[in-house]
Amino acid sequence: MASVNLLIGVSLTYVTFLFAIAFFAERATARGQVTWLRSPLVYTLSLSIYCTAWTFYGAVGYAARSGMEFVTIYLGPSLVMIGWWWALRKLVRVGRAQRATSVADLISSRFGKSNLLAIVVTIMAVIGVTPYIALQLQSVTLSLAIFAEPEAGALNQTGAAFWVAFGLALFTVLFGTRNLNVNERHNGVVIAIAVEAVVKLIALLAVGVFVVWGVAGGVAPMMERIDASPIGTWEMDRSRWLALTALSAAAFLALPRMFQVMVVENEDERHLQIASWAFPLYLMLMSLFVVPIAVIGLDLMPAGSNPDLFVLTIPLAQGQVGLATLSFLGGFSSATSMVIVATLALSTMVSNHIVMPVWLSSRVEGAQVSGDVRNVVILSRRASILLIIGLGYVYYRFSGGGAALAAIGLISFVGVAQFLPAMLGGIIWRGATRWGALAGLLMGFTIWVFCSLLPSFGPGVVLSSSVFEQGLFGLGWVRPHALFGIEGIDPTVHAVAWSITLNIAAFIIVSLVTFPSPLERLQGAQFVNVFDHSGRAQGWDAARATSEDLMVMTQRILGAEEAQTLFRLEASRQGLDGGLPEPTQGFVQHLERELAASVGAATAHAMISQLVGGASVSVQDLMAVADESAQILEYSNQLEAKSHELSRTAHQLREANQKLTALSVQKDAFLSQISHELRTPMTSIRSFSEILRDTEGMGQVEKTRYASIIHGEAMRLTRLLDDLLDLSVLENGQVSLRHETGGLGDLLEKSIRTAQAGSTEPLTIRRRHVDEAVMLSTDHDRLGQVFINLITNARKYCDAETPELVISVSRDGPNLSVSFADNGTPIPDDDRRVIFEKFARVGNQDGSGAGLGLAICREIMTRLGGDVTHVREAHGNTFVVHLPSQSALAAQ
Amino acid sequence: MSTQGATPVFLERRSYRRRRMMDALRLLPILGVFLWMLPLFWPTPADGPTAPEAVPLSTAATYVFVVWLALIASAFSLWSLLRARPEMDEDASQELR
């Protein structure tokens with residue numbers, strides 16, 4: 001019999017060997033010799049931390065109790081690995097592209113870098129995995145106790161558990177937190193667990209070979225003994241076979257320690273392809289001898305001995321101390337490698353998602369504080385490791401190490417499987433939202449606690465037996481093993497089915513009804529379409545950060561050397577010689593990802609946003625989501641439109657200025673004109689009145705002639721003054737319009753008569769009377785005044801040999817216009833612009849008009865709600881009077 | 001990234017073969033699920049006295065392990081065949097259209 005002391009000596013030697021291997025692996029990494037450390041073989045072997053002490057000891061116990069059912073725990077992962085193309089390929093790619101450090105980091109990163117989500121996942125993971133760690137401690141102490149049995153009292157089990165926990169914590173602290181690696185890979189740890197994987201496989205195979213060929217005497221007799229044993233027939237709870245296969249597949253993907261070795265420690269995606277057949281092979285070899293060992297154990301060992309320890313007790317009973325010691329080392333390896341990686345994974349989560357955010361927010365200075373944050377991160381990692389192993393130890397002490405190993409393992413599996421909907425949903429469905437993920441996780445977690453975790457302590461411990469029988473608060477449909485009153489389901493199947501189903505349902509329903517933030521939508525696109533574009537398009541308003549701030553922060557997390565290399569490379573990429581690179585958007589994103597690899601996505605995001613200002617993210621991201629190029633195009637279109645508008649305004653201003661200048665010239669001209677106009681009649685009035693007064697003996701005929709001249713001149717003055725007054729009244733808006741209804745034809749007739757009256761050489765006027773049959777409701781006197789003015793103008797200024805005026809009425813929908821086209825010389829362009837202005841007179845015409853007629857016309861038309869315009873023809877001028885649409889009534 | 005517009009209707013024989021092997025690789029886990037869930041149809045003593053005789057454990061274990069081995073062998077041979085025929089476009093082999 002091996003003494004406990006010998007065994008402890010062997011264990012210590014083995015542990016020293018592991019320390020040495022890990023140490024040399026770290027040394028080799030530091031020297032840059034990483035190729036052999038990162039071979040597909042090492043990757044595959046590191047995956048074997050799936051096989052914990054639960055596999056090593058528990059599988060045989062499981063088989064002894066339930067026959068082939070144990071194998072479901074290995075069928076699920078085998079299917080996942082063989083089907084790597086479906087889920088693992090994307091998971092690994094996403095995890096690497098996003099530099100995810102843990103399951104919590106991946107989920108939080110997918111759902112908008114939400115730290116709340118990361119905290120929830122972390123707490124769930126700690127609660128789910130702690131019993132599993134306790135299980136490992138229990139298996140090591142149990143196996144030690146087996147050796148100690150003959151010398152009773154030689155082993156203090158809790159003391160042994162404490163020292164095992166202490167040793168594991170020491171190893172994890174030493175090799176798990178040696179440096180804050182840029183990519184969070186731990187070569188020392190990985191190589192150590194790869195070695196342990198070989199040890200446990202060899203140990204289990206050795207025991208198996210011994211049992212089949214040494215005890216049973218070959219394969220055929222072994223088969224006979226199997227069929228003759230108490231578990232010799234196929235007895236299977238069908239729902240368990242199905243549910244446990246699915247559960248193990250889910251747990252394989254969602255276990256924090258599996259994520260650590262499968263995604264975080266993955267060096268090359270091609271290793272996954274090799275592991276896709278190599279890891280199922282490993283699992284198959286691990287399971288191959290489980291049934292024979294169980295059968296032989298049931299056969300040879302005394303009734304009541306613990307089937308979980310057959311792997312140890314059979315060789316011991318057969319006097320094979322060396323084999324038993326190897327077997328012990330195998331179990332020890334299984335336990336330690338699991339505890340080390342699980343603790344590493346959990347401590348990363350706890351440190352990144354709970355300790356660091358709390359620490360950062362407790363510092364008023366935020367991310368810009370000087371000093372090395374790396375020490376804080378490493379310290380918080382170490383504290384987390386001690387905390388988690390401590391929790392495992394405490395759980396072990398209080399649970400008393402009683403329950404069958406398999407039960408604890410399964411409970412833990414159901415707990416971590418709750419991550420799967422959020423994880424897989426997040427990478428295949430863009431519509432998944434943060435609230436959906438949170439709802440799903442909490443729903444699944446609650447059901448797991450109520451249906452699986454709490455009942456595992458037995459009735460009357462946490463949940464009273466009345467809760468088991470009558471339900472929570474006496475509600476019959478909330479019984480831990482019969483939710484919704486459906487009884488008779490196996491408790492594990494019950495917990496798996498309800499927790500996963502309701503988890504997925506809550507995840508989907510809440511996702512459907514909530515709306516994701518821009519960052520979430522962006523990350524969703526990045527995750528789901530990871531194979532289309534691995535780049536990130538998340539917008540930091542980079543201009544707000546200074547390179548110095550970023551440098552200070554990066555140094556504190558990555559270390560001075562690492563940070564300087566990073567910045568130097570970026571500077572040379574930007575084409576800058578020496579100095580710091582410009583904080584471009586791309587650079588800040590790159591930096592965030594580098595930081596995320598050390599402190600997790602949410603923390604890195606928070607730190608960068610402290611420097612850059614998080615507020616800009618939403619708008620910027622929306623722009624990115626809505627396609628950046630479209631935005632730029634729109635912006636340049638806006639600019640173009642604005643510049644057009646400006647040049648248009650400038651043109652209008654120039655025109656107005658020219659008009660003003662012209663008007664000013666005309667006004668001056670008019671003033672001299674008006675004084676001339678007024679002086680000419682005044683002069684003749686004065687002269688002729690003097691003649692009348694001073695001439696003696698003037699004949700009656702003469703007197704009448706002179707008086708007529710005086711009267712005519714006075715009339716001319718009056719007319720001029722009337723016009724001026726009229727215009728002034730119109731312009732000031734003091735005119736009152738008298739609306740009446742009448743025919744357009746009659747109005748034109750009257751106007752023509754008035755305009756032609758007293759004329760020596762009347763104008764030829766052509767009209768189309770049919771068109772004029774329109775009833776108008778307007779101020780006919782004023783409109784007539786416009787017509788008279790236009791006709792008079794044509795008569796006065798038309799210089800054709802046979803002056804002619806064509807008056808036509810045209811109708812375009814509700815709009816009515818009357819045009820007056822003469823055949824005189826067209827008005828020059830220069831004058832056209834001002835003909836409607838006051839005092840404007842075209843060319844050097846005789847002084848009979850004051851230049852007010854057209855100005856009055858325009859004023860009147862404006863008052864009537866219409867307009868009068870001048871159209872230039874090749875021969876002649878056309879004035880068009882546009883009548884307001886409502887003034888034209890239905891045609892007669 | 002696929003150049004969908006430029007993809008010819010018929011692939012050359014080599015890449016056609018390769019793609020069908022990828023299809024096989026993708027379908028392998030489905031075959032695995034089917035074969036491993038087949039034991040659900042086996043009779044068990046719990047089905048009552050009229051049920052056919054239960055399958056002996058040795059047969060059941062052999063069946064499960066033979067399926068396992070066959071799946072591993074298929075995955076291995078597909079992997080090595082695919083590795084021996086690298087497609088010209090590395091990206092396309094990742095995409096496996």
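Reader: Which side chain makes a polar contact with the side chain of A:Ser333?

Author: A polar contact is a pair of N or O atoms within 3.5 Å; within protein, one must be able to donate a hydrogen and the other to accept it, and residues adjacent in sequence count only if both atoms are side-chain atoms. Here the partner is the side chain of A:Tyr14, at 2.4 Å. This is a predicted model: local features need pLDDT of at least 70, side-chain atom pairs count only at pLDDT 80 or more, and totals for chains, interfaces and linings use all residues. Residues are numbered from 1 along each chain as its sequence is written, chains are lettered from A and ligands numbered from 1 in the order in which they are written, and side-chain values use heavy atoms, with hydrogens and water left out.

Reader: Is A:Ser333 buried or exposed?

Author: Buried means under 20% relative accessible area, exposed over 50%, partly exposed in between (1.4 Å probe, protein chains only). A:Ser333 has 0%, so this residue is buried.

Reader: What does A:Ser333 touch?

Author: Contact means heavy atoms within 4.5 Å. Leaving out residues up to four places away in sequence, A:Ser333 touches A:Tyr14, A:Glu196 and A:Val199.

Reader: Where does A:Ser333 lie?

Author: Helices (H or I, at least four residues) are DSSP runs, numbered from the N terminus. A:Ser333 is in helix H16 of chain A, residues 321-362.

Reader: Why is helix H14 of chain A largely enclosed?

Author: Count its buried residues. Of the 11 residues in H14(A), residues 290-300, 8 are buried, so the rest of the structure largely encloses this helix. Among them are A:Val290, A:Pro292 and A:Gly297. The cover includes H9 and H13 of chain A, together with helix H2 (57-84) of chain B.

Reader: How many residues does each chain bring to the contact between chain A and chain B?

Author: Chain A brings 39 residues and chain B brings 39 residues.

Reader: What area do the two chains bury between them?

Author: Buried area is the accessible area (1.4 Å probe) that two parts lose on being put together, summed over both. Chain A and chain B bury about 3,600 Å², with 73% of it on carbon and sulfur atoms. A:Trp234, A:Arg238 and A:Trp277 supply 22% of the area that chain A buries against chain B, more than any other three residues.

Reader: How many residue pairs are in polar contact across this interface?

Author: The rule finds 8 such pairs between chain A and chain B, both residues at pLDDT 80 or more. On the side of chain A that touches chain B, H13(A) gives the most, with 10 residues.

Notes. Helix = DSSP H or I, 4+ residues; strand = E, 2+ residues; numbered from the N terminus.
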